[in-house]
Amino acid sequence: MKILFYDARDYDKESFDAELKDYPSVKIDYVEANLTPVTASLARGYDAVCAFVNAEANAMTLEILRGFDVKLVLMRCAGFDAVNVPVAKDLGMTVTRVPAYSPEAIAEHAMGLALCANRRIHKGYIRVRENDFDLSGLVGETLHGKTAGIIGTGRIGAALCRICKGFGMHVLGSDLYPNQKLVDEEHVVDEYVDYDELYRRSDLISLHAFLNEESRHMINDESIAKMKDGVIFVNTGRGGLVDTQALIRGILSGKIGAAGLDVYDEEGANVYQNHSGEVIDSVTARLCSFPNVVMTSHQAFFTKEALSQIARVTLENAVAFDNKTDFVDRSVVC
């Protein structure tokens with residue numbers, strides 16, 4: 001099994017090379033280029049390609065890959081919205097993903113963003129570095145006793161429910177398929193409610209919903225208007241869940257009192273890219289200009305444990321495809 005690994009970074013190589021010793025039948029070649037229609041031709045002679053959330057696995061890319069007899073697309077992430085799945089299926093290609101890797105890592109990052117934005121920790125840090133010890137403008141809210149609204153209570157959302165409950169918060173869940181065990185057995189969700197009630201009652205809202213056409217821009221002017229004044233808003237799910245311009249309007253109006261964002265709708269061209277030497281007109285720059293907003297670059301998953309799990313599951317899926325055996329549970333997209 002020969003795999004061409006796109007958009008390879010040092011940490012990718014380290015984590016995959018560490019696991020490769022247990023998979024002698026797999027050979028990986030790493031390239032820095034991202035997977036796009038232009039770079040798809042690099043996969044000539046390979047059995048599979050490995051890509052990440054910022055790939056452009058659209059119809060043209062997949063058709064080029066299939067023309068070179070590539071039959072397997074290994075997404076080393078949980079999301080697969082970067083892949084045109086219907087086209088892949090029509091072409092007879094298999095697409096796999098890593099359905100769950102260290103959900104606690106993402107949940108911990110979500111709470112870290114909430115705390116940082118709410119208590120203005122980032123602003124306080126900058127002030128102290130400049131020998132400014134003034135506290136003006138840094139006041140936040142105590143989370144203990146407040147209400148957390150978790151939209152999407154899968155593995156990541158459930159992990160955040162446990163964290164919020166540990167903070168002494170009342171936890172509301174909202175999910176198309178509620179996990180009643182979180183209520184009856186773990187007691188980390190106090191009740192499941194619909195979106196509107198969650199918006200109305202929550203002091204902190206965190207997104208962990210799946211992105212599809214129905215959920216795209218579920219956070220918009222209308223939904224933000226239903227939220228409490230000064231709500232703490234966190235998104236470590238998918239950028240497309242939020243209408244960014246509506247979010248900015250909510251921040252400017254004071255409806256959103258603090259925001260922690262690891263993803264945003266317009267991030268595609270910037271994910272994992274270094275533009276520090278450039279002058280760019282970006283929505284990121286505007287969001288970062290607000291003192292009550294904290295942004296990170298799609299790094300919520302980024303722990304040693306998560307990288308190891310991503311490598312292991314991806315390699316197991318590659319071997320399963322090659323040996324025509326069962327894939328890792330819930331890994332197959334098509």
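**View 1. Strand S11 and its two partners.** Leu-261 stands opposite Met-295 in strand S12, a good place to start looking around this predicted model. S12 covers residues 293-295, and 3 bridges join it to S11, with the two strands running parallel. S11 also has S10 as a partner: S10, made of residues 231-235, pairs with S11 in the parallel sense over 5 bridges. Look here for Val-234, which stands opposite Gly-260 in S11. To get from S10 to S11, the chain passes through helix H10 (residues 244-253), and this β-α-β crossover is right-handed. S11 itself spans residues 256-261, and 5 of its 6 residues are buried, so the strand is largely enclosed by the rest of the structure.

**View 2. An open sheet of 5 strands.** This close-up turns to another part of the chain. Here 5 strands form an open sheet, and reading across it gives the order S2-S1-S3-S4-S5. The pairing in this sheet is parallel. Which strands sit at the edges? They are S2 (27-30) and S5 (94-96), each of which pairs on one side only. From one strand to the next, the twist averages 20°. For a closer look at one pairing, find S3 and S4: they run parallel and are joined by 4 bridges. Within this part of the sheet, Ala-48 stands opposite Leu-72 in S4. Helix H1 can be found lying across S1 and S2, running at about 170° to S2. As background for this view, strands of a sheet pair through backbone hydrogen bonds, either parallel or antiparallel.

**View 3. The largest nonpolar core.** This core has 52 residues, and those with the most contacts inside it are Ile-3, Val-26, Leu-35, Leu-62 and Leu-65. Several helices and strands each supply at least two of its residues, including strand S1 (2-5), helix H1 (10-20), strand S3 (48-51) and strand S4 (72-75). Helices H2 (59-67), H3 (85-90) and H12 (304-323) are also among these suppliers. Which element gives the largest share of this core? That is H12, with 8 residues. Apart from this core lies another one, of 30 residues, and you can find Leu-172, Leu-211, Val-231 and Tyr-264 among them.

**View 4. The surroundings of Leu-62.** Leu-62 is one of the residues with the most contacts inside the largest nonpolar core. Which residues does Leu-62 contact, once its neighbours within four places in sequence are left aside? The list runs through Ala-57, Val-73, Val-83, Asn-84, Val-87, Ala-88, Leu-91 and Met-93.

**View 5. Asn-317 in helix H12.** Asn-317 lies in H12. Is this residue buried or exposed? Asn-317 has a relative accessible area of 1%, and since buried means under 20%, it counts as buried. Not counting residues up to four places away in sequence, Asn-317 touches Leu-74, Thr-96 and Arg-97, and also Phe-327, Val-328 and Ser-331.

**View 6. A salt bridge between helices H12 and H1.** Arg-312 forms a salt bridge with Glu-19, and the closest N and O atoms are 3.5 Å apart. Arg-312 lies in H12 and Glu-19 in H1, so the pair ties together parts that are 293 residues apart in sequence. The two partners can be compared by their accessibility. Arg-312 counts as partly exposed, at 29% relative accessibility, whereas Glu-19 counts as buried, at 11%.

**View 7. Other salt bridges to look for.** How many salt bridges does a search of the whole structure find? The search finds 19. In one of them, the side chains of Asp-69 and Arg-66 meet, at 3.3 Å from N to O. Asp-69 is partly exposed at 42% relative accessibility, and Arg-66 is partly exposed with a relative accessible area of 25%. Another salt bridge brings together the side chains of Glu-141 and Lys-146, with 3.9 Å from N to O. Glu-141 counts as partly exposed at 45% relative accessibility, and Lys-146 counts as partly exposed at 23%. To finish the view, find Glu-191, Glu-197, Arg-200 and Arg-201, which are linked in a network of salt bridges.

Conventions: Residues numbered from 1 in each chain as written. Predicted model: local features only at pLDDT ≥ 70, side-chain atom pairs only at ≥ 80, totals over all residues. Heavy atoms only, no water. Core = buried A, V, L, I, M, F, W, Y, C linked by side-chain atoms within 4.5 Å. Buried < 20%, exposed > 50% of the residue type's maximum accessible area, 1.4 Å probe, protein only. Contact = heavy atoms within 4.5 Å. Pairing = 2+ DSSP bridges. Right-handed = clockwise from strand over helix to strand, strands pointing away. Salt bridge = Lys/Arg side-chain N within 4 Å of Asp/Glu carboxyl O. Axes fitted to C-alpha atoms, helices over the stretch in contact; angles between N-to-C directions.
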